[in-house]
Amino acid sequence: MEVKDKVIVVTGGASGIGKSLCERFAMDGAHAVVAADIDTAGVNSTLSSIENNTNGLGLQCDVANEDAVKDLVSVTLREFGRIDLFCSNAGIFTAGGEEVSNDRWKNIWDINVMSHIFAARAVLPSMLERGEGYLLNTSSAAGLLSQVGSAPYSVTKHAAIGFAEWLSITYGNRGIKVSVLCPQAVRTAMTAGGDGGVAGLDGMLEPEDLATTVIEALGNEQFLVLPHPEVLTYMRRKTDDYDRWLGGMRRLYDKFAEIYKRRQ
Ligand SMILES: NC(=O)c1ccc[n+]([C@@H]2O[C@H](COP(=O)([O-])OP(=O)(O)OC[C@H]3O[C@@H](n4cnc5c(N)ncnc54)[C@H](O)[C@@H]3O)[C@@H](O)[C@H]2O)c1
């Protein structure tokens, strides 16, 4: 899919990866870019950087709230008539393991997983009716591998990939394209003040460079979007010999454990 002339929604559009995607889509000639986020001031800042290049619309939306996601879709359909690409990108990080409180597990589950389900539920009917549409869901390399130091992030990002696979299998023959974005460390508010820890071992990517990878992947309509190509090698090692891979990850854990314990 080329983004030129398309109507595109981006959640988490106020900051980091989402903001960069909004800016790149606008620069590449999207007909409309809707930036949605809980952070209204951030949405306004994104809007001011895109509105010269596209029909920009900023909407406040908590992606963990199904009614808010429904509204986001219906307002966009009312304003622009269709949604060609929905980027379900908003997400959060929570450090820790099984001891993390139920409330915090539920919060990250709602934001990192249910948001994708709410988005699909709201946007698919109009896409299926038209026989075309594209869902780009942001997961993480942590969803293919693991996140040393964070069980909630590992688990929710795995679930996000599971749902994206399922969408592609179920709707792929009805004109719906699905991609899942799985970066390692990207320089955003989420990684601010650090080097990305384990996720930063292969370097910290600038969000603008990630946006270039996304444009290429959308062009090829490929499912798996890997801004850090090393991730494919790690995936292959994991499937080739799971126990050996776990041993390697334990060595990484030992190396980084002190840092993560200090942060908890
Ligand atoms: N930065 C990285 O290293 C990295 C790596 C892999 C995956 N990711 C994923 O990329 C996505 C974007 O993260 P980022 O790095 O740009 O971080 P970021 O913190 O810069 O941006 C995330 C945005 O999501 C918004 N948000 C949070 N909760 C929300 C909610 N309930 N409803 C609506 N908006 C909400 C925040 O206000 C923020 O604007 C996330 O899903 C994240 O897990 C990031």
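The questions and answers below go through helix α3, the nonpolar core, the ligand shell and T54.

This is a predicted model, in which local features need pLDDT of at least 70, side-chain atom pairs count only at pLDDT 80 or more, and totals for chains, interfaces and linings use all residues. Residues are numbered from 1 along each chain as its sequence is written.

Trainee: How far does helix α3 reach from its first C-alpha to its last?
Mentor: Helices (H or I, at least four residues) and strands (E, at least two) are DSSP runs, numbered from the N terminus. Helix α3 covers residues 66–80, which is 15 residues. The expected span is 1.5 Å times one less than the number of residues. That expectation is 21 Å, and the reach of α3 is close to it, at 21 Å.

Trainee: Within what arc do the buried residues of α3 fall?
Mentor: A residue is buried if 20 or more other C-beta atoms, placed from the backbone, lie within 10 Å of its own, partly exposed in between, and exposed if 12 or fewer do. In α3, V69, L72, V73 and T76 are buried. The arc is taken from the directions from the helix axis to the C-beta atoms. Seen down that axis, the buried residues line one face of the helix, because they fall within an arc of 90°.

Trainee: Which exposed residues does the face of α3 turned away from its buried side carry?
Mentor: The buried side is covered by elements including β1 (7–11), β2 (32–37), β3 (55–60) and α4 (102–130). The face turned away from it carries D67, S74 and R78.

Trainee: Which element gives the most to the largest nonpolar core?
Mentor: A nonpolar core is a set of buried Ala, Val, Leu, Ile, Met, Phe, Trp, Tyr and Cys residues joined through C-beta atoms within 7 Å. The largest has 72 residues, and I8, V9, V10, V33 and A35 have the most contacts inside it. With ten residues, the element that gives the most to this core is α4.

Trainee: Which helix gives the most to the shell around the ligand?
Mentor: A residue is near the ligand if its C-beta atom, placed from the backbone, lies within 6 Å of it. The ligand is surrounded by 31 residues, and the closest are G12, S15, G16, G91 and T188. With three residues, the helix that gives the most to this shell is α1.

Trainee: Does T54 count as buried or exposed?
Mentor: T54 is found in the loop between α2 (40–50) and β3. Because T54 has 23 C-beta neighbours inside 10 Å, it counts as buried.

Notes: Two residues are in contact if their C-beta atoms, placed from the backbone, lie within 7 Å.
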